[in-house]
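Visitor: I would like a close look at a single part of this model, the spot where a few helices come together. Please take me through it step by step.

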Amino acid sequence: NMKIIVAGSFRSGSSSLYNMLVENNKTNFEILKIHSCGVNEELINDSIVLVPIRNEKEIQVSGYFQDIHSPVYEYSVFHDEENINIWNENKDLNFFKEKFINEYSGQDDLIYENFKRFDFSKFIDLRNSGILETLPFIEKISFKKHSFEIIYYKKYKCKICFIDFKILNNINVLNNMLNNLKLNIKIEKIIVCNRLDESDFKNDYFKLKERLKNEGFFDSDYYN
């Protein structure tokens, strides 16, 4: 049976898109959500793959802050053997959330300096190109901003649709996309998940973004 696969990088809106599709799935399509690097040729056969594309610099900052307190991520402020062992034994993320708030929240220089230590382009889950690297038969596309681009692959009977992150807030464009894909799904309302501007760390996140913006880190035309 045909399936729908939402396959984005971290922080690309994949959870929001997945939940909108599941909420309005009246035809009982099988809908999966994975990250781009988890896509493979066997999985995409007879499927529609939806790939949200976001400004990669925004992905890097958002991904850093989403996991800043999770020791298993290399770029976490708590990434060391002792903290990883604590995490593996307890799986208690609230412990590290509180630890971050007590030890790092408001420490703008520490948060910034830890971010600047890393070349985030080396983390495949923080790159749009994850799906291109996993499926080398897909060539880099000429991406049209504020819209979507559908590519058909007869060999695998699949369609891969690249979606600008910014249209995930536009019901009309999303439903036009689903209509073009011949999917009997109509989105009734926008769902937004995992918002950092509603998190416990929002003030620290905004301060880091503003500092990086002031030093020219972001490029509004940067879509890799």
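Guide: What follows is a walk around helix α9, its two helix partners and the pocket it helps to line. The model is predicted, so local features need pLDDT of at least 70 and side-chain atom pairs count only at pLDDT 80 or more, while totals for chains, interfaces and linings use all residues. Residues are numbered from 1 along each chain as its sequence is written, and side-chain values use heavy atoms, with hydrogens and water left out.

Let's begin with α9, residues 202–214; helices here are DSSP runs of H or I with at least four residues, strands are runs of E with at least two, and both are numbered from the N terminus. One partner is α6, residues 108–116, whose axis comes within 10 Å of the α9 axis and crosses that axis at roughly 60°. (Axes are lines fitted to C-alpha atoms, for helices over the stretch in contact, with angles from 0 to 180 degrees between N-to-C directions.) That angle makes α6 oblique to α9; under 35 degrees counts as roughly parallel, over 145 as roughly antiparallel, 65 to 115 as roughly perpendicular, and the rest as oblique.

Who touches whom? From α6 come Asp108, Asp109, Ile111, Tyr112, Phe115 and Lys116, and they meet Asp204, Lys207, Leu208, Arg211 and Leu212 of α9, where contact means heavy atoms within 4.5 Å. Sorted by class, this contact holds five nonpolar, six charged and no polar residues. (Nonpolar covers Ala, Val, Leu, Ile, Met, Phe, Trp, Tyr, Cys and Pro; charged covers Asp, Glu, Lys and Arg; the others, Gly among them, are polar.)

Now turn to α3, the other partner. The α3 and α9 axes come within 11 Å and cross at roughly 150°, which means that α3 is roughly antiparallel to α9. Val61, Ser62, Tyr64 and Phe65 of α3 make this contact with Asp204, Tyr205, Leu208, Lys209 and Leu212 of α9. Its classes are six nonpolar, one polar and two charged residues. Asp204, Leu208 and Leu212 therefore take part in the contacts with both α6 and α3.

The two partners also meet each other. Axes of α3 and α6 come within 12 Å and cross at roughly 120°, so α3 is oblique to α6. Here Gln60, Val61, Tyr64 and Phe65 of α3 meet Ile111, Asn114 and Phe115 of α6. By class, that gives five nonpolar, two polar and no charged residues.

Finally, α3 and α9 also help to line the largest pocket. Its volume is about 630 Å³, the space filled by probe spheres set on grid points joined across faces, edges and corners. (On a 1 Å grid over the protein atoms alone, a pocket is an open set of points where a 1.4 Å probe fits, with protein on both sides within 12 Å along at least five of seven lines; lining residues have an atom within 4 Å of a point.) Among the 30 lining residues, Arg11, Gly13, Arg54, Cys193 and Asn194 are the closest to its centre. Two or more residues each come from α1 (14–23), β2 (30–35), α3 (56–66) and α9, and α1 gives the largest share, with four. By class, the lining has 12 nonpolar, 11 polar and seven charged residues.
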